[in-house]
Each structure stands twice: as structure tokens, then as C-alpha cells.
Amino acid sequence: SHLFVAGAIYKISESIMISIPFSLILWAYVISLIMTFLPVSYAGLGIREGIFTYYFLLVGISKEQTLSISILYFGLIAVYAVAGGIIELKELWFGSKNSSKI
């Protein structure tokens, strides 16, 4: 599934006309994923942006473009979280059709 997330970041960068090698995106994503486990920020904000900025500057991507990619990626995470929350609330409120009663 992490390859799909790296692919989503790649598509985000392509959608705003920024060309970054997929291998670099995958590397930066994995490093940022590991670093967001550190309890120093809320939802990895700041850590992810710093790591993306560091690695993407290596291939000539500006700080502004890197921040755009990172914020759009964070928005994608938020959309996924809201969708998952809606599904969970739906099951909580209406119950699961497959649940058995004891």
C-alpha cells in the first residue's frame, strides 16, 4: 500500500507540473513515514514538509513547490481520514449487517 501512496504523491507532483523521480518520492515518503512516529508534532506536520524539502531540493525543486506537494498530500490524508470516519460512524449508527447477536 505504501507504493500506492508514493504513486499518489507522484501524481500530485505531476498535476502541478513538477517532475520528480518516483524513486526519490518513494525514499522521501518512507523516511517521512518513519519520522512521523516521533511525538514532536501533530499529524507529522512540519516533519513531512522538512523531509520533502530536503530531498526534493537535491533535484532542484524549489521550497515553494515542495511545500505545495506536501500540503496537497496532507489534504489527501485528511480526505482519506474523513472517508474512513464516515464509514465507521455509519457502522456505529446503523450497525453492521453481518454482525451476530449473542
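**Pocket, core and rings in a predicted helical model**

In this predicted model, the lining of the largest pocket draws at least two residues from each of α1 (2-15), α2 and α4 (63-94). The helix that gives the most is α4, with four residues. The space in this pocket comes to about 150 Å³. Its lining consists of H2, V5, A8, Y29, S32, L33, T36, R48, Y73, L76, I77 and Y80. By character, eight of the lining residues are nonpolar, three are polar and one is charged.

One lining residue, S32, can be followed further. S32 sits in helix α2, which spans residues 22-35. Is S32 buried or exposed? Its relative accessible area is 3%, and because the limit for buried is under 20%, S32 counts as buried. Beyond its neighbours within four places in sequence, S32 is in contact with R48, I51 and F52. R48, I51 and F52 are among the buried residues of α3, and R48 is also part of the pocket lining.

That leads to α3 itself. How many of the 11 residues of α3 are buried? Eight of them are, and the helix is mostly covered. The buried residues are I47, R48, E49, I51, F52, T53, Y55 and F56. The cover over them includes α1, α2 and α4.

The largest nonpolar core has 17 residues, and the members that touch the most others are I9, I20, F56 and I69. At least two residues of this core come from each of α1, α2, α3 (47-57) and α4. Here α3 gives the most, with five residues, whereas in the lining of the largest pocket that place goes to α4. For I20, the contacts outside its neighbours within four places in sequence are Y10, S13, I25, F56, I61 and I69. Two of these partners, F56 and I69, are themselves listed with I20 among the core members that touch the most others.

Aromatic rings give another way through the same region. A search of the whole structure finds five aromatic pairs. One of them joins Y54 and Y55, edge-to-face, with 5.1 Å from centre to centre and 80° between the planes. Y54 is exposed, at a relative accessible area of 52%, while Y55 is buried, at 17%. Both values lie close to a cut-off, because buried means under 20% and exposed means over 50%. Ring pairs also link Y29, F52, F56 and Y73 into a cluster. Within that cluster, Y29 and Y73 line the largest pocket, F52 is in contact with S32, and F56 is in contact with I20.

The last stop is the loop between α1 and α2, where M17 lies. M17 is not a glycine, yet its phi is positive, at about 60°. Its relative accessible area is 75%, so M17 is exposed. Which residue, 48 residues from M17 along the chain, has its C-alpha atom 9.7 Å from that of M17? That residue is Q65, which has its place in helix α4. With a relative accessible area of 31%, Q65 is partly exposed.

Key
Residues are numbered from 1 along each chain as its sequence is written. This is a predicted model: local features need pLDDT of at least 70, side-chain atom pairs count only at pLDDT 80 or more; totals for chains, interfaces and linings use all residues. Side-chain values use heavy atoms; hydrogens and water are left out. Buried means under 20% relative accessible area, exposed over 50%, partly exposed in between (1.4 Å probe, protein chains only). Contact means heavy atoms within 4.5 Å. Rings of Phe, Tyr and Trp (its six-membered ring) pair if their centres lie within 6.5 Å; planes under 30 degrees apart count as stacked, over 60 as edge-to-face and the rest as tilted. On a 1 Å grid over the protein atoms alone, a cavity is a set of points where a 1.4 Å probe fits but cannot get out, and a pocket is an open set with protein on both sides within 12 Å along at least five of seven lines; lining residues have an atom within 4 Å of a point. Grid points are joined across faces, edges and corners, and a volume is the space filled by probe spheres set on the points. Ala, Val, Leu, Ile, Met, Phe, Trp, Tyr, Cys and Pro count as nonpolar, Asp, Glu, Lys and Arg as charged, and the others, Gly among them, as polar. A nonpolar core is a set of buried Ala, Val, Leu, Ile, Met, Phe, Trp, Tyr and Cys residues joined through side-chain atoms within 4.5 Å.
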